[in-house]
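This report concerns a single structure and should be read alongside the sequence and coordinates. Please examine both before turning to the text.

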Amino acid sequence: MIKVENLTKRFAGITAINNLNFEVERGEIVGFLGPNGAGKSTTMKILTSYLPATSGRATIAGYDVFEQSLEARKHIGYLPENTPLYQDMRVNEYLRYRASLKHVPSSKVKERVGDVIELCNLREVQRKLISALSKGYRQRVGLADALVSDPDLLILDEPTIGLDPNQIRQVREVIKNLAQKRTVLISTHILPEVEIMCSRVIVIHKGQIRASDTAENLLRNHRAAGSMRLEASTGTDDARSMLAQVPGVKDVTEEKDGEYGIFQLRLEANTDPREEVMRLAGNRQWNVRELLRRRATLEDVFVELTHSDS
Amino acid sequence: MRTFLTLLGRELKSYFYSPIAYVVIFFFLIATGFNFYAGVMFLNRSDAEITVVEASFNTVLFWFPFILIFPLITMRTYADEFRMGTFEMVTTAPVQDWQVVLAKFTGAFGFYCMLWAPSFSYFVAFQLISGKEAAMAAGAYGGSYLLLALLGMFYCSIGCLASSLSTEQVNAAVMTFACIFAVFLGGLVTFIFNVTNPALRDLISYVSAIEHMADFTRGIIDSRPIIWYLSMTALVLFVNFQVFQYRKWKA
Ligand SMILES: Nc1ncnc2c1ncn2[C@@H]1O[C@H](COP(=O)(O)OP(=O)(O)O)[C@@H](O)[C@H]1O
Ligand SMILES: [Mg+2]
């Protein structure tokens, strides 16, 4: 559905995206993940023909976004960053205008607008001026706009930014519902969102792709280290240096809690030295009251991948 | 075509969403009404052989409000959308940039035409009441309104261009006023200075709105001004289109 080849975009002095290559298959829900300034919005603006690329090419449903831009755009429902809307129009009037711009047949406009108003829970504000709506409602008007032509491909740029937790939940619900028969590319820097919604994640940093995989595979394969927490009373042993020698342990910190020591073990990637640690504790007759392994989260992977100098 | 009409519909409606439209309409009606009244009064006092159409359109009272309306009509067109970022959703729909540019221009021009529509009734009323012809011939009516349309096109295109260069409406308005005023003054040079070079004289009268108006209100319809205004409008719109794309791509 989306195919991006060697895509590069330079602004005066800044390379916003550098030689991107990726594909999104029909039916996928892909999370486009990266810190601020990574180049997510720039990529989306090129895909929607708003900006021309400096070099490289991109196609939507087989149509080049530059050469056959009109055809390509017919397949896209786009929610730009910050959701620009005509403030002086009413919600239903705006959606009718958008439907007709997007070539929805005149006889279908009313029905489609009704459908998206239902889908995005806009019924109670449909006669209000857009300027009078709260941020959450505006975001949903933007979503309704993206959906009104029933496009195959949705490109959503940070659809939940600036919303409160309830609104985020509502918008996520909407996106999840409508994703069922569509291809979705959604940019965000909110991690749980990706884990909940996306079938695949593309991590982008400084204009380059750092990873492209399912969230599970990223967690399984990635170098991001997990950690372990041990609470034990270790008597007179120098437990810290003993623990540090267990294979797979990177380093150890210790805090005192009365008789007990609280040890934080940073682990190397893909290691699970729980058994070794228990064996050591048994041999040295430590009293263990807690042993906890924390798996690497997507957040750890993300931090690792987008660490400034990595 | 439907896309263009949708865009145009939004443009025209957007004039009436803002209070400025009503203010413009109100003052414009007062100005043209008064202007017509002054024209009639002038005819009452003098025995010059001119018609009321001619008397109404060839005064300072006419030109001053006339030039002033274009900045007000066009200032919003692009500047506001650049400021709000709404071009991003307009141009990522299956819409072509030239359709946007033409719709903005046609919207501005359409609103301008609406402003003039009531004035037509003054002359009809004059004719009915006085029994005199308001214009010497049908040609003078046609000529006057034709020239108003041509001037309107040219000046609206200047306003659209200025707005496409701005992000603040005020800047657009000032720029539009300055440009139109400069173009207008250019045609006044021969009235102020004694221009002896015949080629220069011809050139100036070729572009002089005042001279065109003097001719057209008398029913003398010359094709050169028609070509001049149409081609200038096309040229300005072409530049407008380039500026629009350039700014959009830089965004
Ligand atoms: N119009 C522009 N002019 C100059 N630089 C820009 C412009 N738009 C974006 N950039 C730069 O390109 C980089 C990527 O920006 P963006 O795509 O908006 O990142 P993201 O959406 O991932 O936060 C940033 O460094 C940003 O400053
Ligand atoms: Mg962004």
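The sections below treat the ligand site, the salt bridges, a buried strand residue and a surface patch.

The model is predicted, and the description rests on that basis throughout.

**Ligand 1 and its surroundings**

Ligand 1 lies between chains A and B. Thirteen residues surround the ligand, and those that come nearest are A:G37, A:G39, A:K40, A:S41 and A:T42. Oxygen atoms of the ligand make polar contacts with some of these residues. One such oxygen is 2.7 Å from a polar backbone atom of A:G37, and an oxygen atom is likewise found 2.9 Å from a polar backbone atom of A:G39. At A:S41 the partner is instead an N or O atom in the side chain, at 2.6 Å from an oxygen atom of ligand 1. Ligand 1 taken alone exposes 550 Å², of which the protein buries 69%. Two elements of chain A, β2 (14-24) and α1 (40-47), each give two or more residues to the shell around the ligand. The largest share, three residues, comes from α1(A). By residue class, the shell divides into six nonpolar, five polar and two charged residues.

**Salt bridges**

Over all chains, the structure holds 26 salt bridges. Three of them, from chain A, are set out here with the distance between nitrogen and oxygen.

| Salt bridge | N to O distance |
|---|---|
| A:E231 and A:R229 | 2.4 Å |
| A:E254 and A:K256 | 3.5 Å |
| A:R274 and A:D272 | 2.7 Å |

How does the surroundings of each partner compare with the accessibility classes? In the pair of A:E231 and A:R229, the glutamate A:E231 counts as buried because its relative accessibility is 7%, a value under the 20% limit for that class. Its partner A:R229 has a relative accessibility of 27% and therefore counts as partly exposed. In the bridge between A:E254 and A:K256, A:E254 is partly exposed at 35% relative accessibility, whereas A:K256 reaches 57% and so counts as exposed. The exposed class begins over 50%. Both side chains of the bridge between A:R274 and A:D272 fall in the intermediate class: A:R274 is partly exposed with a relative accessible area of 34%, and A:D272 is partly exposed with 37%.

A:R229 and A:E231 also belong to a network of salt bridges, in which they are linked with A:D257, A:R289 and A:E290.

**A buried residue in strand β9**

Strand β9 of chain A spans residues 200-205 and contains A:I204. Is A:I204 buried or exposed? With a relative accessibility of 0%, A:I204 counts as buried. Along the chain A:I204 is 140 residues apart from A:D64, and the C-alpha atoms of these two residues are separated by 22 Å.

**A nonpolar patch on chain B**

On chain B, which residues make a nonpolar surface patch? The patch is made by B:V23, B:F26, B:F27 and B:I30, and its area is about 410 Å². One of these residues, B:F27, is found in helix α2 of chain B, which covers residues 19-45. B:F27 has a relative accessibility of 52% and therefore counts as exposed, since that class requires a value over 50%.

Conventions:
Residues are numbered from 1 along each chain as its sequence is written. Chains are lettered from A and ligands numbered from 1 in the order in which they are written. This is a predicted model: local features need pLDDT of at least 70, side-chain atom pairs count only at pLDDT 80 or more; totals for chains, interfaces and linings use all residues. Side-chain values use heavy atoms; hydrogens and water are left out. Patches are made of residues with over 30% relative accessible area and no salt bridge: like charges are joined within 9 Å, nonpolar side chains (Val, Leu, Ile, Met, Phe, Trp, Tyr) within 5 Å. Accessible areas come from the Shrake-Rupley method with a 1.4 Å probe; for residues, only the protein chains shown count as cover. A salt bridge is a side-chain nitrogen of Lys or Arg within 4 Å of a carboxyl oxygen of Asp or Glu. Helices (H or I, at least four residues) and strands (E, at least two) are DSSP runs, numbered from the N terminus. Buried means under 20% relative accessible area, exposed over 50%, partly exposed in between (1.4 Å probe, protein chains only). A residue is near a molecule or strand if one of its heavy atoms lies within 4 Å of it. A polar contact is a pair of N or O atoms within 3.5 Å; within protein, one must be able to donate a hydrogen and the other to accept it, and residues adjacent in sequence count only if both atoms are side-chain atoms. Ala, Val, Leu, Ile, Met, Phe, Trp, Tyr, Cys and Pro count as nonpolar, Asp, Glu, Lys and Arg as charged, and the others, Gly among them, as polar.
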